[in-house]
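Me: Could you walk me through this structure with a few questions and answers? I'd like to start with the strands and then turn to the cores.

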Amino acid sequence: MSKVVVGLSGGVDSSTAAAILHHQGYEVIGLTLWLMKGKGQCCSEGMVDAASLCEELDIPHHIVDTRQLFQEKIVDYLVAGYSAGFTPLPCSQCNRAVKFGPMLSYAKEELGVDKIATGHYARVNYNEETGRYELLRAVDRNKDQSYFLYDLTQKLLAGCMFPLGEITKPETRRIATEYGLQTAEKPESQDLCLVEAHGSMQTFLEQYIQPQKGDIVDVQGKVLGQHDGIHRYTIGQRKGIGVAAAEPLYVVALDAVKNRVIVGDRESATEPSFTVDRVNWVSIAPPTAPIRAEVQIRYRTSPVPVTVIPEDHGHRAKLVFDEPQFGVTPGQAAVWYDGDRVLGGGIIEQLS
């Protein structure tokens, strides 16, 4: 009987993933990471629900205290990024550095198990011709989470299973109900556990960042108003800027050095190209020449055609849109695809 360690957050997705594998005959071991204090999908109530599920399935449950790691890799990363005028995406970094990496290490070193599974909506395929593991979109495109998983290495993908990748969210609920899981009707959690825990990203950040007044200026440098901290703004933002104008204004840049929020019209917030750093090539080896792909610059944006130009031996890349795009945001992830295959991704660093 094959063993698998299943990451349990206490939600319906991870619960159903564990139940599916259990009913398929796997020897399932539950594992919950304690990421932070207080309310949140991975903590407090989540740990209680995860423990209850393991009792239901009569499987062992391990809790690993990763609060210090989460503080260093995610909280400190977010605070530094927002302070510098970026809008960091914590989820992809958390998946690689805090969740999948430590989970697989714990499974192998402490439990003697070489496979982990989660409730993410994505798929993994091994391509015998290329000798690489491929990360694929989930069948349910509305729930597809491959965007957040682009930073997983080949070693991590080799040890991963995604039982929900081939089914839809309604089917997950139905299966959870059929198995009588107490999480079957549990409400959806928010994408960001920090937001869920603290109510808003601003509330979380202002535990660490002291509000500092500065100027809101237009693209010519004319002062239009005042702000209470650049960490409260993100590129492409329209609502809540705090200045009145005859035409709609958007945040087009954040100047941390001069503590300025720069605003302009929608065209000013569009970009023909940008560069990314910390590139991870997933389903293909790092190319030596430009490739064609479709890129997502936010989780909920539609993919658009792009040319990816590798730089610095594949560690960086320049992406050139076929048509300029709105709201390209430094700190967010850009993930490029060939159909359902995740080719690679990186952190947006510099705009054109």
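Me: Happy to have you here! Which residue in β17 is the bridge partner of valine 335?

Reply: Bear in mind that this model is predicted. Strand β16 (residues 333–338) and β17 run antiparallel, joined by six bridges. Within β17, valine 335 has as its bridge partner glycine 345.

Me: Nice. And which residue in β17 is the bridge partner of asparagine 280?

Reply: Asparagine 280 falls in strand β12 (residues 270–281), which pairs with strand β17 (residues 341–351) in the antiparallel sense over six bridges. The partner of asparagine 280 in β17 is glycine 345.

Me: Which residue takes a positive phi in the hairpin of β16 and β17?

Reply: Two residues lie between the strands of this hairpin. The positive phi there is near 65°, and the residue that takes it is glycine 339.

Me: Now the interior. Which element gives the most to the largest nonpolar core?

Reply: This core has 48 residues, and Phe70, Phe100, Ile116, Leu135, Tyr147 and Phe162 touch the most other members. Elements giving two or more residues to it include α3 (67–83), α4 (90–111), β16 and β17. With seven residues, the one that gives the most is α4.

Me: Which residues does phenylalanine 70 touch, not counting residues up to four places away in sequence?

Reply: Phenylalanine 70 is among the core residues that touch the most other members. Leaving out residues up to four places away in sequence, it touches Leu35, Met36, Val75, Cys94, Val98, Cys193 and Leu194.

Me: How many residues are in the second core?

Reply: This core is separate, and its members include Phe274, Leu319, Val328 and Ala334. Its count of residues is 19.

Methods
Residues are numbered from 1 along each chain as its sequence is written. This is a predicted model: local features need pLDDT of at least 70, side-chain atom pairs count only at pLDDT 80 or more; totals for chains, interfaces and linings use all residues. Side-chain values use heavy atoms; hydrogens and water are left out. Two strands pair if DSSP finds at least two bridges between them. Helices (H or I, at least four residues) and strands (E, at least two) are DSSP runs, numbered from the N terminus. A nonpolar core is a set of buried Ala, Val, Leu, Ile, Met, Phe, Trp, Tyr and Cys residues joined through side-chain atoms within 4.5 Å. Buried means under 20% relative accessible area, exposed over 50%, partly exposed in between (1.4 Å probe, protein chains only). Contact means heavy atoms within 4.5 Å.
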